[in-house]
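Let's take a walk through this protein together, beginning at its interior and moving on to a few individual residues. Keep the viewer open as you read.

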Amino acid sequence: MTASSPLSIDIRGLLGAEELLALLELPPVKRRRLLNNVSKRVRSLSRGRVRNHTNIDGTPFAPRKDPAKSKKKMESGLAKLLDVVKLTDQEAELGWRNRLTRYVAAQQNNGGSERVTAHQMRELSKVPPGTAATEKQAKRLRQLNYRIRLPGKKKPSKPSVSWIQQNLEYTKAGLLIRVLDTEHKASTGKQAWDIQLPARQFLGASPSETSQLVNLVLRQTITSPR
């Protein structure tokens, strides 16, 4: 399982023969309800791991490099946006609706090294107005010397906090901060750099957790009057 695409939940392999027959006998509307409930419970487990800073296997998240940020919840923005993105009477998918958010989630969940170029950063800066970076993100971008070419200006300049909030969305602002923070510590004039991220595997559930959830929700669905 990876976070680069939504988490697909196929419960058929987690049931015994008797439970599988019971599942197959359910009408489509109840199978859909079952998958939706299981997905939402897996989402709750994933959010709980983010709150507790623990991986699926119970080990703690890799610590941040910056001790000043150690008390702040990691991945909390991603956890809030986690949702059921696809639901039928055959399968459910848990993930993120926004493509860039899925990309960031994959980097955080799986870890690894990502090479980012100055051209990619310029492309990320081309965002539609009316989106919502936070005030904190906007101030951090200004601290990192984030610059754009504003209308009427001949040279790139620092946008105001209000401009950033109105023109950058939350996930793009977060990615810009991460990259600019890395660039800020490197030599000037660099056109490409590597971002090293440890794996913090919060998405999903262990096989035993998923099996318990499926069997519990299956019993509840079978006995439900509607």
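The largest nonpolar core is a good place to start: it holds 25 residues, and those with the most contacts inside it are Leu34, Val38, Val42, Leu78, Trp96 and Phe202. Bear in mind as you look around that this is a predicted model. Several elements build this core, with H2, H3, strand S2 (83-87), strand S3 (92-95), helix H4 (99-110) and H9 each supplying at least two residues. The top contributor is H2, which gives five residues. Apart from this core lies another one, of 13 residues, including Ala133, Leu141, Tyr146 and Leu180. As background, nonpolar side chains tend to be buried together in soluble globular proteins.

Next, follow helix H9, which runs over residues 207-223. Its 17 residues reach 24 Å from the first C-alpha to the last, close to the 24 Å expected at 1.5 Å a residue. Which residues of H9 are buried? They are Thr210, Leu213, Val214, Asn215, Val217, Leu218 and Thr221. A general point helps when reading such a list: an α-helix has 3.6 residues a turn, so residues three or four places apart point the same way. As for what covers the buried residues of H9, the cover includes helix H1 (17-25) and helix H2 (28-52).

Now turn to helix H6, which spans residues 135-143 and is home to Gln137. Is Gln137 buried or exposed? Gln137 counts as buried because its relative accessible area is 9%, below the 20% cut-off. A polar atom of the Gln137 side chain lies 3.0 Å from the backbone nitrogen of Thr134. Leaving aside residues up to four places away in sequence, Gln137 touches Tyr170, Ala173, Gly174 and Ile177.

Finally, have a look at two loop residues with noteworthy backbone angles. Most residues other than glycine have a negative phi. His53, although not a glycine, has a positive phi of about 55°. You will find His53 in the loop between H2 and helix H3 (76-81), and it counts as buried because its relative accessibility is 17%. Asn145 is not a glycine either, and its phi is positive at about 65°. Asn145 sits in the loop between H6 and helix H7 (161-167). With a relative accessibility of 38%, Asn145 counts as partly exposed.

Note on methods:
Residues are numbered from 1 along each chain as its sequence is written. This is a predicted model: local features need pLDDT of at least 70, side-chain atom pairs count only at pLDDT 80 or more; totals for chains, interfaces and linings use all residues. Side-chain values use heavy atoms; hydrogens and water are left out. Helices (H or I, at least four residues) and strands (E, at least two) are DSSP runs, numbered from the N terminus. Buried means under 20% relative accessible area, exposed over 50%, partly exposed in between (1.4 Å probe, protein chains only). A polar contact is a pair of N or O atoms within 3.5 Å; within protein, one must be able to donate a hydrogen and the other to accept it, and residues adjacent in sequence count only if both atoms are side-chain atoms. Contact means heavy atoms within 4.5 Å. The expected span of a helix is 1.5 Å times one less than its number of residues. A nonpolar core is a set of buried Ala, Val, Leu, Ile, Met, Phe, Trp, Tyr and Cys residues joined through side-chain atoms within 4.5 Å.
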